Amino acid sequence: MTDASWTDATIEAALAEAHVPSLINALVHLTGDVSLIRGDERPASQLFGDPQGGISPEHQEAIRARALDALTAHRDAGFPDLPPPSPATVKEMVDFITGVELDDAYGEFLMSELKIFDEDPYRVSLDDLSEAARGNFHVLVIGAGMSGILAAIRLKEAGVGYTVVDKNAGVGGTWFENRYPGCRVDSPNHTYSYSFAPEDWPQHFSPQRVLLEYFERIATEHGIRDNIRLSTEVLEARYEDPGTWRVKVRGPNGDSTLTANAIISAVGQLNRPKLPEIEGRDSFAGPSFHTAQWQAQHDLKGKRIAVIGTGASAFQTVPEIAKVAAQVTVFQRTAPWVSLRPDYHAPISDAKHWLLNEVPFYGKWYRFFMFWTTGEGLLSMVRRDPGWDGNPGDSNGERSVSLANDQLRALLTANAERMIGDDPALFAKCIPNYPPAGKRMLIDNGHWFRALKRDNVELVTDPIDRINPDGVQTESGRQMDADVIIFGTGFHASRLLFPMKLFGKDGVELREHWGADPRAYLGIVMPGYPNLFCCYGPNTNIVVNGSIVFFSECEVRYIMACLKLLIGRDLAAMDCRREVHDAYNGKIDAGNLGMAWGSPDVRSWYKNERGRVTQNWPFTLLEFWNQTRAPNPEDFDFA
Ligand code: NAP
């Protein structure tokens, strides 16, 4: 877009599609008129339903007319710089757009998310340390996905030496690997992007190719590619002298050993596909593969396809496969909760692009609104109320964990009923018998339910007994012949860091030490493993609240501050103290038991085989942001 795009007609057309709460805040920037956010017309704190927050159509029209005047005046005045509002006014604007009066504790956090006063609040500057000391310190980053690219960018900016290795032949991690038809991001794209690299996304939830291109481009633009070794896998790492990790890697030219002062593991939680333990799995005569290891050479057109699983991956791919296959049989063990999102596949219109790119501060407020409504704002609906009877008089599992959760259940059930209520048998199969957010809620614009209603799709809930050369047989003895079997059966999530072997200062291998129970302090550091840092480590996954990019930005900020501590004080190593780690994990476990995903009846990849929630963060985004602002030296022993 250029200044030439600021015609009255373009502005007017764009305003017709504006998100009015974001527009009102943008108008405060443009006009300085705070009365705009002090009247009775305010967006309600509703997280589902009217995206305009219940602002009356008349008031919306009045705001659009006011915005047309303000924007044309801004243009006619030659696009002058706008004076920043005071922090107190920004706080009022935050309260206005979220529809709640937020605790003061949120102030600094949300201001930093808004980036009105600081363009790069997650950056840790090491500029005050000597260039030689920074350059002589070397960090190995394992993984070149979203977190690894981020870590490399921050290390480069800070002048710290680094090498990135990735087992794949390209960067992008999960977006490089997952190429199944229908794969797309299921967090709003305006929050699923680096805070320092906002993007003009083509869709609200863009497809895999767009995400991959974004990460590839960011890696190139930030000049980190020369430090990335692709097709190179870490086999094992040993902590030797204080501050020295010796790392055995296998690359295109064979095995070699790298030495690093610190390691950042950025391998993710979901990078090792899990095939189900079903009898006869390998006896199937046709092609069979996992969604994350898509075999595009098999044309599915006109074929009979069996899909096992109804998690996020199968959920996205079944509707696409159903368009070309002769028959799709979907084997569902547990139904997912489905949250309707009409814009899930919608392109962002020219008018919306214009608003996001041209109207000063509109894009920041829109991103912030997304951040809030898909993040912190949802937590209250999935937190357990200890006084709530979630199983009123029926024995079919826990229904809900609080009144708000029950209301969410009613809303999601009503949405499903609208889509498939005319097929009572299908409807019954699609309503989960566990509380919403017991597992990840899946986002849909109806394409899943529409796919299930197709003549060539059948949802089978009869449990699988075995796989045989011809297909899948259920426990009731029904044989479902198939030409191809697709496993949408998830990942070895609680086998975190698998299959690498990491030997700490006492020679103990980390995964052996963990067993199936990975734990870390802040999700980042483990006692006995000095200078080893994790991104997206134990208990840093989110179920409803927010984007995982936010977590990685917090983690990398913390890690960079740790490196600053080491380099700045000329220390070799920092090792998290055991009692700090244990106390923290006690808090995490209690927190997870208080959330819908901690429900004892629910099985999910969030829990290990003993039922402990190993993957999820149970508290607010504010708490994660606060706890990762900077290391407390008292949490560590130094060498
Ligand atoms: P998943 O959520 O773990 O789902 C696995 C599915 O396979 C479940 O329906 C599970 O049933 C079923 N299953 C597993 N073993 C089975 C067996 N032996 N017999 C029958 N069914 C079996 O895996 P996923 O779908 O790959 O998703 C994993 C995570 O990846 C998601 O939660 C999300 O965080 C992420 N993801 C994100 C996106 C996105 O952003 N667009 C897309 C895909 C995935 P049960 O539920 O009964 O265990």
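This briefing covers the ligand site, one helix and two groups of strands. The model is predicted. A shell of 24 residues surrounds the ligand. Helix H18 (residues 548-568) has 21 residues, and 19 of them are buried. Strands E9 and E10 run parallel to each other. An open sheet of 5 strands is also present.

**The ligand and its shell**

- Among the 24 residues around the ligand, Arg184, Asp186, Ser313, Thr334 and Lys439 come nearest.
- By type, the shell residues divide into 9 nonpolar, 9 polar and 6 charged.
- Helix H10 (residues 312-324) supplies the largest share of the shell, with 3 residues.
- The side chain of serine 313 has an N or O atom 2.7 Å from an oxygen atom of the ligand.
- For arginine 333, a side-chain N or O atom lies 3.0 Å from a ligand oxygen.
- Arginine 603 also has a side-chain N or O atom facing a ligand oxygen, at 3.4 Å.
- Taken alone, the ligand exposes 910 Å², and the protein buries 84% of that.

**Helix H18**

- The 21 residues of H18 should span 30 Å at 1.5 Å a residue. The C-alpha atoms at its ends are 30 Å apart, which agrees.
- H18 is mostly covered, with 19 of its 21 residues buried.
- Serine 547 caps the N-terminal end of H18. One of its side-chain oxygens lies 3.1 Å from the backbone nitrogen of valine 549.
- Aspartate 570 comes just after H18 and takes a positive phi of about 55°.
- An α-helix has 3.6 residues a turn, so residues three or four places apart point the same way.

**Strands E9 and E10**

- Strand E9 (residues 304-308) and strand E10 (residues 327-331) run parallel, joined by 5 bridges.
- One bridge pairs alanine 306 with threonine 329 in E10.
- E9 is mostly covered: 4 of its 5 residues are buried.
- E10 has 4 of its 5 residues buried, so it is largely enclosed by the rest of the structure.

**The loop before E10**

- Alanine 326 lies in the loop between H10 and E10.
- The relative accessibility of alanine 326 is 41%. Buried means under 20% and exposed means over 50%, so a value in between counts as partly exposed. Alanine 326 is therefore partly exposed.
- Lysine 301 is 25 residues from alanine 326 along the chain, yet their C-alpha atoms are separated by 7.0 Å.

**The five-stranded open sheet**

- The strand order is E3-E2-E1-E7-E19, and the pairing is parallel.
- Strand E3 (228-229) and strand E19 (532-534) are the edge strands, and each pairs on one side only.
- Strand E2 (residues 161-165) runs parallel to E3, and 2 bridges join them.
- Valine 165 stands opposite arginine 229 in E3.
- In a regular strand the side chains alternate between the two faces of the sheet.

Definitions and conventions
Residues are numbered from 1 along each chain as its sequence is written. This is a predicted model: local features need pLDDT of at least 70, side-chain atom pairs count only at pLDDT 80 or more; totals for chains, interfaces and linings use all residues. Side-chain values use heavy atoms; hydrogens and water are left out. A residue is near a molecule or strand if one of its heavy atoms lies within 4 Å of it. A polar contact is a pair of N or O atoms within 3.5 Å; within protein, one must be able to donate a hydrogen and the other to accept it, and residues adjacent in sequence count only if both atoms are side-chain atoms. Accessible areas come from the Shrake-Rupley method with a 1.4 Å probe; for residues, only the protein chains shown count as cover. Ala, Val, Leu, Ile, Met, Phe, Trp, Tyr, Cys and Pro count as nonpolar, Asp, Glu, Lys and Arg as charged, and the others, Gly among them, as polar. The expected span of a helix is 1.5 Å times one less than its number of residues. Buried means under 20% relative accessible area, exposed over 50%, partly exposed in between (1.4 Å probe, protein chains only). Two strands pair if DSSP finds at least two bridges between them.
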